[in-house]
Every structure is written in structure tokens, then in C-alpha cells.
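Here is a set of short exercises to work through with the model open on your screen. Try each task yourself before you read the solution.

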Amino acid sequence: MAEHSNLPASPDAGGHDEAAHGALDYGTRDERGRFILPLEEHHQRITDVDPRAAKRAERQVAWLFVAGAACFAGAVAAFVGFSSHELIHVPMLGNVSASNFWLGTLIGLGSFFLGAAAIHWARRLMPGDEAVDYRHSLRGDEDSRASAIEQFKRGAAESGFLSRPLVRRTMLGAMALFPLPLVVLLADLGPAPKEKLRHTMWGDKPATRIINQGSGELVRPEHLAVGGLINAIPEGLEKVEEEAGTQNERAKSSIILVRMNPSEIKAQQGQGWDYQGILAYSKICTHVGCPISLYQQRTHALLCPCHQSTFDLSDAGRVVFGPAARHMPQLRIGVDSEGYLVSLGDFAEPVGPSFWERG
Amino acid sequence: MSTSTTPTTPQGKVADFLDERLSISKAIKSNISKVFPDHWSFMLGEVALYSFIILLLSGTYLTLFFKPSMVEVIYNGPYVPLKGVKMSEAFASTLHISFDVRGGLLMRQIHHWAALFFIGAMSIHMFRVFFTGAFRKPRELNWVIGTVLVLLGIVEGFMGYSLPDDLLSGTGLRITQGIIAAVPVVGTYVSFGLFGGEFPGHDVVARFYTLHILLIPGLILALVGAHLMMVWYQKHTQWPGPGRTEGNVVGYRLFPVYTAKAGGFFFVVLGITTLISALVSINPVWMFGPYTPDQVSAGSQPDWYMGFLDGAVRVMPNWEINALGHTLSLNLIVPALVLPGIMTTLLGLYPWIEAWATGDRREHHLLDRPRNAPVRTALGVMSISFYLMLWISGANDIIAQTFRLSINQITVALRVLLFVVPPLMFMLTKRWCLSLQRRDREKVLHGHETGRILRLPHGEFVEIHAPLSLEEQAEILGKMDVAPMALPAATDANGVAQPAAWKARMQAKLSQWFYGANVSLPTRAELLEAQSHFEHADALEVEATNRHRTYEAVGGVLLAPTEDGSSRH
């Protein structure tokens, strides 16, 4: 059987109720084993045979178009009628912006009606019979292929690309170097990392006072009860941010202070880095840098809300669960002469996520 | 001659003007009556296309008001809870669009919803193309373009999500920075380049903005154009059905039916998107507040299309190698770079993988029903279940909270399920497909059960089976009836081993794996026999009905089968 043959429909009218076709011959199979059954006879829709139904469909289409137009006009009215601050109460939604609600609802309904009208028109009133197109071979015929190859070869020969290796090789060399200046141009997108990721402003001075990030006040040991937690930043951070115009320093030097019974501290990253059971840890997760503040007092577990890495602050910030590979860096603290909590130097290691040069 | 070429009507004059300059008559002549096959599943690509158009329109509107700048300002707008708060201009202008510009919030929500629909529709469209085998020759290149489009869509969506510079989007950027920094050798430099220094810097919003509104949409637009041109040129695939062959296209013409249907459908998609945007709040950035790197909200969730990546990062064990003064963060590189790399490579190369496994390098214009390619369907379901397991992993904290379970146990369970569920789904799906094939075969030979019981004169009860409609038969019988390749002999005619045949043997084995279990179609003789059987049953029923009528007519005396008349109905 030819693959592209198409058995004509057999016009045998006396068939079953269930199948409005005559007896099938099953005689046509394509080369892939498919049975090709005849294309169906003209399928009559009610709008094809009943002029009243067609008229009704026409009116439905028109009404849908009218509804769309009315909605669009209403949307313009809503734009004019509501200021951007007015609220209305909508059941189920609560108090919402009146402008947003009416504009959106009317434009949405209008578009929907407009689209529905066009589809209804196509389905009910435009031709319902299926049409047939034939596919053409995508592969070029032999003449075209031969001609294409021949013309390409002629051009290649005329160019001397193959016969003049000197020209060819120097051209390839120039082309290979062409992207270089473009890549080099990208270098000024940012400064070289240098040692920036290894330092925070805690190390700028031998002792930096600690500020409560929420209240902005200097922190004293007595502010922190056993079991408590304070989010904190170095004193002078605001000024640094002001000058830099970025929040870069905040992304590195944010810390949390927790206080536990000294007897509960199993280990620290340095001998005596706490102050009377107050421990300072970086707030920036060593996984991908989310700021952590979910602290479970009873277990001393610090949980990152982004990927659930969990660290034990009573045990030198050790990773107890999750995808983070490294402990939370600890900051050595003490108090100054006026009794304020201070950091004693910088973190001993880079804070935040790993990077290739970290080592 | 001259009278027929000189137009007199205004429309004719316009057409003449254009034709004499652009030969539009040739283009119209050869295209306007193009036939497109009709099926609901062919709308999915349309939804993606229309969502993209909606994105271009709403996005253009948003650029009129949005300020892509990270310069810090003090908010002094109408949203009281944030009055006096320091924030970037990007965030402040997002608030301005949301609260001061009439229709601004609507446009923001349309833009965000349309982005979710765009990527969703592309994905489901891709499922359709995969499960029906529409990617096979000659459409492999369009499959690759589609794969690239999905990737670009995800990148584009992520960048757009980052622009308002709210707390949630900043958290996403922070995670991205952490992942970029983990890239071996160049990671730190790339990160410094992207952010203009350390994170967060003050450049990233402006840079993403340019990429988001110019470069990536430009690429998407160009690829969408190529995608559609290929569909146009190669002609659309079609489902098996009456009169459908590999050599034709049966459906409706571009003009007028498809013009009206597709044009109307654009407005339907726009309408539904707009209605949802009017009624369902999305990304209410004012509730998250401006980004600051020392705050994050619990239960942070990315947009749905980033969920699988986030999930992969969450369930990955915490492996990191520190050696020779360098750090290799396997806990990030594997889930966030290697895994998506492998996934998309396999996806993009699948048409060639399947052609290689089956040895089938013919053109295919008639679609496979998913059940008729059980291994392909099972591979697809397996891959989707793997993706979904990652996606669920991205919500492990939400699951833990909702069901009051331990986050640690859930994460460990997900690590196991990630490797257990997909093979199970493969096996289940394959069995299911084969069962459906057997059912198809049985249906076409035995017809539909009608529930009509007939008592034959000699007392036998039979149920009448109705034959399938022409469409139903054409759908079932339009299946490729392929025999898998035969295994080549391990030894040649002289009994000498042929080690060189291993390649052919492997190919044959793959082909058997792919096709081997398929249920073959009935033969013509079986179909004809079934047909005559239906006709016979039909005749019996007619006869019985006539007999019953006669019985009624003579008052239930002549042929009464029972005394109480229970055969009456």
C-alpha cells in the first residue's frame, strides 16, 4: 500500500445508529502498519441545517461582542471614577483597591467576551467541514541538492579558502582573537575580589561596640537573659553604609548574640571567646548566605529558613543537619571599660557562603 | 487584461499598492488557506505564545514607571506601614506603581501571573510534544529551540522577580550569589562582576533590568519567531483519525476559521489572566518590605518554576572538598549546576536518543497516542516524577509545618524517595500503557457494551455490543504496528563468533526494550469478522424487536415468553 494513499469515503448510507458510516473495508494500511480509515462525510451542525439556529448563533455572537464593548467602556469609567487609594469591600476578598478590582474585572471580562464571541462565531457559523492539505517532502530533490553543492564548491574554490592556507590560517587566527577584547571589556563590571570576602568591619578596630540591630542601642551583657537572642551589628555600620551607598558590610558583619548557661557550652571556636555565656556568631549562613534567626532555645539549634541547615551554637556552631558544609563562624567578644559588649577583633575565617579561593 | 488589473475600490487600491511593492498576492495565495489540524492539546503552545505577548505588553507599561536603581531613598508615599523607611528607588517605584498609579497594581499582577502561566504553558506544551512523539524527525530542531525557550523563560522570570528589590527577591538573589560563588575557578570573579563587587552592591537591579527588558526578551522573541516559522514550514503534526495519513494535514483553514479561533483565544487568555490578576493578589512586595541582607522571612518560597532547583539544593548532602587551598562546594555545584545541566542536556538530546534506541529515522507527522509508546511515556512520567520530587523537596519546611512532622525526617525521606519514586513510576506507567493497548484491541474487536440484553429464541441471553464510531476506530487503528529489530546472530553462518556485531545486538536489544511489549493491531480479517459479527447482532436485535412488536400487537398471546409478562418493558 502506498503510504500516502487516502481511501475515499464509501457513501453507504444504511449503517448502524452508533456509527454513521457504512461497512468498512480495512483495506488500506500505510507502510507503518496503520489502518487508514476514510475521511468522514460532511458533518452537519444544527446551524448548517436550521436557519433559525444559525440566526440564534448570530445573535449570541453579537451579544458577546456587545458585552465585551460594554465592559471596556465600563473599565474606562472605573479608571476615571476611582482614585488609586479608594478601597471597596468585596465578599471573599475583603477590602481591596477599588480601581484595581473594577479595572481588572471589566478588562478581563471584556477580553473574555470578545474572545468567546470570535470562537463562537468560528465554531457555529464558519465552515464546519475539515479541509485537506498535502505535505511536501522537506528533503530537496536531487537536482537542487547537486546544484547547491556544486555552487558552494564553486564559491569555495573561487574564494581560495582551501587553496590558500596562509590566508585561511591567518583569518582563523584573527577570528579567534576577535572575542578577546570583548571579554576583557567585561572585567570592569566589578573590582577584583582580592581579600574583601575575608574581612568584615569587626576587624577595623581592636574593639568594636555591638549595637542591637532592632533598637539601635549599644548592647550590655545584662540586656541578654539566659536563653535570649539579639540580632546585632557593629557600631558605625550605618555610617559605613552611608559612605559606600551599599549594604555590603551589613551582608557580612551581621551577628546574633545568644546567652546560655556557661555549663551548657560544649565547645567554642576559641578558648574563652564568649563573655559569661554570651556567644556571638555570624548571622550569615555558610551555605548560601541567608541571614539566620530561627533559634531554638532548648537545643541551642540555629535553623536557616532558606534550606534548613541547622547549627548547634552550644557546640562551636557545628553543622548538625542540612546542606551547609561548614560551621557558623564565631566572633570573639568581651566588654569594654564602660561595660558595653565589644568584639575583640575580626572573625577568624570568611563569613557567608563558600567560594573557590576560600581554602 | 488592463481592466482586470486596475482596481477601482479603495481596498483594491491599497492591495494593489502593496502588491506592486511587496508581491503580497503571492504570499497570501500560498498561505491564507493553510490547513491546521484541530485538537485541544494544540492550544497549549498558543497559551504560551499569548502569555508572552501579554508579558511584552504589560512589561512595556511597567517600564514607564519603574526606576531600576538601588539608590537609597526614604519612602514617603501613601502606604503607611512603610512611611519613613529607607529603601532602594526600585522598591519605592514598585510601591508607587502599586499604590499611586491607577491600574499599576493590575499591570504588575498581570505581568507576574502571565510569567507564571508562560513558563507553565511552555512546560505542559513540552509534555504534549514529548508524550505524542511530535519531536521526532523532522522536528528535532524545534524541540531544541523549545528547550532553550523554557530555560530562557526561567532565567527571565527569575530576573524579573529580582527587580522590585523586596525582601523575598533579595533573598533569592542572595542564594544565587552563593551558588555563583561556588563555581570552581571563576565563581568569585563572576559574582563580583555581576554585583559590581560584594553582595548586594548597587548595580545588580540596573543590570538585571537591561537583561530582563532587552536582551533576554529579544532572544525569546527571535526564538519564538523561529519556532513558529518552523511549525509553519514543516506543517503541524496531527492525531491519527479518519482520513489522516502521514502525507496530509486534515483540519481547518487559516482563514477564516483559525484566524477567528486563534485570535479569539488570545483574548480569552488575556481575559482569564486579567481576571485572575484582578482577584488574586500575587507578590505583595509591600508586605515583605525592602531588601536588607540581615533579614529574611521564614517559609521563603521562590516562584514555582525555581522550586525544583531550590529543592535540589535543600536535599543535597553537605559535601564540600577543601584541598590545595581551594574549596569545591559539591553541596551547591551538584544540585544547582550539574543536575540542571544534565537534565536539560538529556531533554534537548532526547529526539536523537530515542532515534538511536529505536533505529527509527523516518519522518513522523502522525502523532503517537502516549499509550502506544509505553517506554517513551514511562520515561517521561519517570522524569516528571523526579522533577516533582525535587519540587516537593523545595517545600520541605512547609510540609513539616503543615503536617507537624520533623523537617529532618522529611528531608531524609525525600532523599530516598527521589531515587525510589521515579523507577516505580516508570514500571507503573509502562504496565498501564500496555493495559490500555490491550483494552484498545479488545474494544475495536468487541465494541462498546450497550447494557442491552437479548434473549434468543432458543433461550440464550446475549449482550448487544455496539461497534466503535469511525473516529474511535481510526484513533485505535492509527497506531504504528512496529516490530522490534531482530537480534542478529551471535555467530555467522559458519558458526564463528561475530564480536563486531555487539553494536547491532545492543541496538536490537534497545529496540526490543522500546517496542517489544507492544500489543499488535488486529488483522484485517479479524476486523472484518468483528464487523460482520456486529451486523449479525444488529440483525438479531431488529428481528427480536419486530417479534416483540408482534407480541404486543396481538395482545401478548402469540409469543408470550413467560406467564407474568416480565419480558415487557
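**Exercise 1. Find out how far you can trust each chain.**

Task: What is the mean pLDDT of chain A, and over which residues does pLDDT stay under 50?

Solution. This is a predicted model, so start with the confidence values. Chain A has a mean pLDDT of 90, with 94% of its residues at 70 or more. Next, look at the start of the chain: over residues 1-20 of chain A, pLDDT stays under 50. The model has 42 contacts beyond four places in sequence for that stretch. Now do the other chain. Chain B also comes with a mean pLDDT of 90, and 95% of its residues reach 70 or more. Its residues 558-569 stay under 50, and here the model has 14 contacts beyond four places in sequence.

**Exercise 2. Split the chains into domains.**

Task: Which residues make up the domains of chain A and chain B, and how many Å apart do the C-alpha centres lie?

Solution. Take chain A to begin with. The assignment gives domain 1 as 46-124 and domain 2 as 197-344, and their C-alpha centres are 57 Å apart. Then go to chain B, where domain 1 covers 1-31 and domain 2 is put together from 40-237 + 248-294. In chain B the two C-alpha centres lie 41 Å apart.

**Exercise 3. Trace the pairings inside chain A.**

Task: Which strands of chain A pair with S4(A), and what is the order of the open sheet that includes S8?

Solution. Step one is the hairpin. S1 (residues 87-90) and S2 (residues 94-97) of chain A run antiparallel and share four bridges, with Ile88(A) partnered by Val96(A). Three residues sit between the two strands, and Met92(A) in the turn has a positive phi of about 80 degrees.

Step two is S4(A), residues 207-212. Three bridges link S4(A) to S14 (residues 341-344) of chain A in the antiparallel sense; in this pairing Thr208(A) has Ser343(A) as its bridge partner. S4(A) also pairs antiparallel with S5 (residues 229-234) of chain A, again over three bridges, and there Asn212(A) stands opposite Ala232(A).

Step three is the four-stranded open sheet, which reads S8-S9-S10-S11 in chain A with antiparallel pairing. S8 (294-296) and S11 (318-321) are its edge strands, each pairing on one side only. From one strand to the next the twist averages 30 degrees. Zoom in on S9 (residues 301-303) and S10 (residues 310-312) of chain A, and you'll find three bridges, with Ala301(A) opposite Asp312(A).

**Exercise 4. Follow a sheet across the chain boundary.**

Task: Which strands form the open sheet that contains S4(B), and why is one side of each edge strand left without a neighbour?

Solution. Write down the order: S3(A)-S4(B)-S1(B), three strands with antiparallel pairing. Then check the edges. S3 (131-134) of chain A and S1 (35-36) of chain B each have a single partner strand, so each keeps one side without a neighbour in the sheet. For the cross-chain pairing, S3(A) meets S4(B), residues 248-253, over four bridges. Val132(A) and Val250(B) are bridge partners there. Finally, look at what lies across the chain B strands: helix H11 (residues 254-279) of chain B crosses S1 and S4 of chain B, at about 70 degrees to S4(B).

**Exercise 5. Describe the interface.**

Task: How many residues does each chain bring to the contact, and how many salt bridges cross the interface?

Solution. Chain A brings 108 residues and chain B brings 130. The buried area is about 10,000 Å², with carbon and sulfur atoms giving 59%. On the chain A side, Arg32(A), Arg135(A) and Trp356(A) lose the most area to chain B, together 10% of what that side buries.

Now for the charges. Over all chains there are 37 salt bridges, and eight are found across the interface of chain A and chain B. Arg29(A) pairs with Asp481(B), the closest N and O atoms being 3.5 Å apart. Glu246(B) forms a salt bridge with Arg34(A), with a closest N to O distance of 3.0 Å. To place that pair, find Glu246(B) in the loop between H10 (204-234) and S4 of chain B, and Arg34(A) in the segment before H1 (46-49) of chain A.

Note on methods. Residues numbered from 1 in each chain as written. Chains lettered and ligands numbered in written order. Predicted model: local features only at pLDDT ≥ 70, side-chain atom pairs only at ≥ 80, totals over all residues. Heavy atoms only, no water. Pairing = 2+ DSSP bridges. Contact = heavy atoms within 4.5 Å. Axes fitted to C-alpha atoms, helices over the stretch in contact; angles between N-to-C directions. pLDDT = per-residue confidence, 0-100. Domains from an automatic or database assignment. Buried area = accessible area lost by both parts, 1.4 Å probe. Salt bridge = Lys/Arg side-chain N within 4 Å of Asp/Glu carboxyl O.
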